[in-house]
Amino acid sequence: MTAAFRRAYEDAWAECAQTRQDPYPQGSEAAVVVSRGGRLEAVTLADDTDSPNTVDHLYVEDTDARQLVQLLEQRGAPLLRMRNMHGGAVAALVEQCFGSRVRRISRARVEVRVDGEAFHAGAAGDPLITSERDWLLTLVAAVIDLRASRFRRPTAESVRRGCAIAKRIQIVHAGVLTSVVDEIAERPGHGGRRWLAVPHQDTPTLLLEGPSQGEEDLLQRSAAGIMELLHHPELADTLRMALLDLNTAGWGPGQSPDADAIADVLGEDRARVREITATLRQPLDALLDILVPLLATLDLEAAHALLSNDDALASETELDRWLAARLTPTDHRTLRAAARHPDLDTARRAMSLSLRELNAAIAALGSTYRPLRNAEGIEQEFRHFVAGRRRSILDALRVGFLDAFRSGAPLTSYAENRNLTGLVPDTAWADEHLHLETALMQAHVDRWLTGLGAPPLGTDAGLTPVDELRLTNRPLLLERLKRARTLIHAWEAAHGESASGLPGDPENLTTEATAAGLLDFFPLDDATTLRWLRTGDRWPAAVPLTLTPEDLGLTTRQLDDAERQEKRERRLRQEERRHIVVDRTRMSAEEDNYHAIVEAVRGGLTPEFLGSAGDAPLVALGRQAQRLPGAGRPGFSAGRRGKLSDTQALAVGLAGEVAALAWLMNRHDAVDESAWVSGYRNKVLGDGMGDDTLGYDLIVERKRSSLLFEVKSSAGGEGEFVLSPTEIARARSLKKRETYHILYVSHALDADLRKIHLLPNPLHPRSAHFFRSVGEGLRYRFQLSRTGERRTGT
């Protein structure tokens, strides 16, 4: 059956209803073409037939209720589709023919169950419209006003009513979402991540199955349900596409689109969308925004009544009469005087209301109003206070640990707190204050300092600023540590002692001492340095504790021999960082030895590795503030960058790609070495067919789709990798029939431990929650205008 037949059949029913013709002349079979499970078939409701297609009842689409139609289709219920304005008349005609066997979908009873329990609107949920999503009202209003059918062109008032409903919509997440329609349960295997809209006068609710994977995913999934609750289901795709286009244009969390941006994605005149935005507010809206929460502190029932009747109040005079009939004269005067203030905070102060009292009343109002809070603003005010007094706070903290420094005691608590990350706002402030007084913040800082054994702010101990100390102490300490290493090596050689390797690498020790707080109090001297080395077991017990060669009985020749030995050891370490070990065989990691690395890796590929499924049972890592993964060298794991040289890391990347290619060739019959398209291919095969700008390393071309694989490798099993800017861009801009995967090869150089894991696209909304960005950021280039330079210089 074609779409043309569907339209013609629906039109024929509409014509019968309009002309009141009998659709079944005497003697004809009472057959109806219905939709069942999305397919057309003919059924009969006649009593005197043995037809196998006889049904007990028939639903008629007498209203535009797409969600209900979907639920009926899922159940395989016979449904006479009427996608035109004559559904009600057709339903009446069919009822004349078949009586009680006909069921109008407008009268269907739907029971919704969340995780097996019956759900009723009004249960706790998250508001759809928040301060971060106010722009969504503008988008919804513009979609309704500009895209509604010409047969039901909305008025400004109907658009406002729709937005009023949107403000009350609650989002509830469900693990498993099921429904029953007229006692007909749904069929099993409906597929996950559904939505259901539950209408309600006060709290219309949108149920979403499964967790949302970020803001973009939540809004995309909610689009159809929003328009269902606003009685415009035909606009669901329009809203969804507009949301998608806004996201593509860069609008989203932290950067809300304005009316002009919304006009651009809809392809409409900006002035028209601004006009629609302006019409959303009624003349009394600004006054009611302040008055209703205040009224709730005096009479909650009256506040609810006012919310239900605000459309009927056309002027302030009518509002005054309405209030006067419900409040005492004193409360009426107090309320009206306070409501004339420009903002709710000033108004509640005029009524001598605490922030807690006001917010308790707002909470009792429900989702229409949000509590008056400024948690982010308070955090910022406190951060500003701390930043402006950072030196004074740190000075007071240092005074508190002076005795520990002088005695050589551990400075663990100081080191943990000197970055002031533990100095955070009082959690109770957001419930009691919208803005913070200086005295309140200073008292909080003093309590924090006292808790660490430090004096209050303003304590002056005459200490050198910590930044100056670190700047001068670091090179002094590094020089002393280098001298200590030479002296210890020389003394051990002179006394026939085995080399202890102490005190260790001077650069690493300097970093360790800085982290321990050793550089933060006074200019370092030999005694302080030696005490730290001895306390941390960084000085051999047999070697006298001194940095003076004469005290150790060392000659100039012995010191020169120790320095030469250190240089030889340094050269050996550098040489070692140009080699790798593949299956217990040491070999050069240089590019001119890549062919040998390839052969060694291929020779160690086991049947278990090649035949593995590549399973990767990932664990959701939770939400994270959005940022791009850091850029780095392609092909190897970020987790090994601190231990591998660039030469070694590139060799590990090559080993991973060789192993991944062999795994793919074993998994897909039609795959050969032409699937290898990274820059490594050119260095191994020399045919120029590799290209590192593609954003992937391997490609499998299937009959109807392309599989793109970016290979990431590590010498261990760190569970981290780096995406380059090119790879990020490619993973984000896939064509319709392309799929992007990460092939992660762990222990790439060890045949006994080597494993491969097929990971999903980390930049896809459905899998992003399995990954957490730990990169260092992207490098950006910019260019200044020469014209601007000349203008600046004049």
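**A four-stranded sheet and its helices**

Of the 794 residues that make up the protein chain, 44% count as buried. The model is a predicted one, and its chain holds 32 helices and 19 strands. Among contacts in the chain with a separation of 6 or more, 66% are accounted for by residues 24 or more positions apart. The accessible surface of the chain amounts to about 41800 Å², and carbon and sulfur atoms contribute 50% of that area.

With this overview in place, a welcome place to begin a closer look is the sheet containing β16. Here four strands form an open sheet, arranged in the order β16-β17-β18-β19, with mixed pairing. Its edge strands, each paired on one side only, are β16, spanning residues 698–701, and β19, spanning 755–759. From one strand to the next, the twist averages 25°.

Within the sheet, strand β18 covers residues 738–746 and is joined to β19 by five bridges. These two strands run antiparallel. Along this pairing, Ile742 stands opposite Leu759, a residue of β19.

Two helices can now be added to the picture. Helix α31, formed by residues 725–732, packs on the sheet and touches both β17 and β18. The direction of α31 makes an angle of about 135° with that of β18. Helix α29, made of residues 646–667, lies across β16, β17, β18 and β19. Relative to β17, which comprises residues 706–713, α29 runs at about 145°. Strands β17 and β18 are thus touched by α31, and both also have α29 lying across them.

Technical notes. Residues numbered from 1 in each chain as written. Predicted model: local features only at pLDDT ≥ 70, side-chain atom pairs only at ≥ 80, totals over all residues. Heavy atoms only, no water. Pairing = 2+ DSSP bridges. Axes fitted to C-alpha atoms, helices over the stretch in contact; angles between N-to-C directions. Contact = heavy atoms within 4.5 Å. Buried < 20%, exposed > 50% of the residue type's maximum accessible area, 1.4 Å probe, protein only. Areas by Shrake-Rupley, 256 points an atom, 1.4 Å probe, with all protein chains shown as cover.
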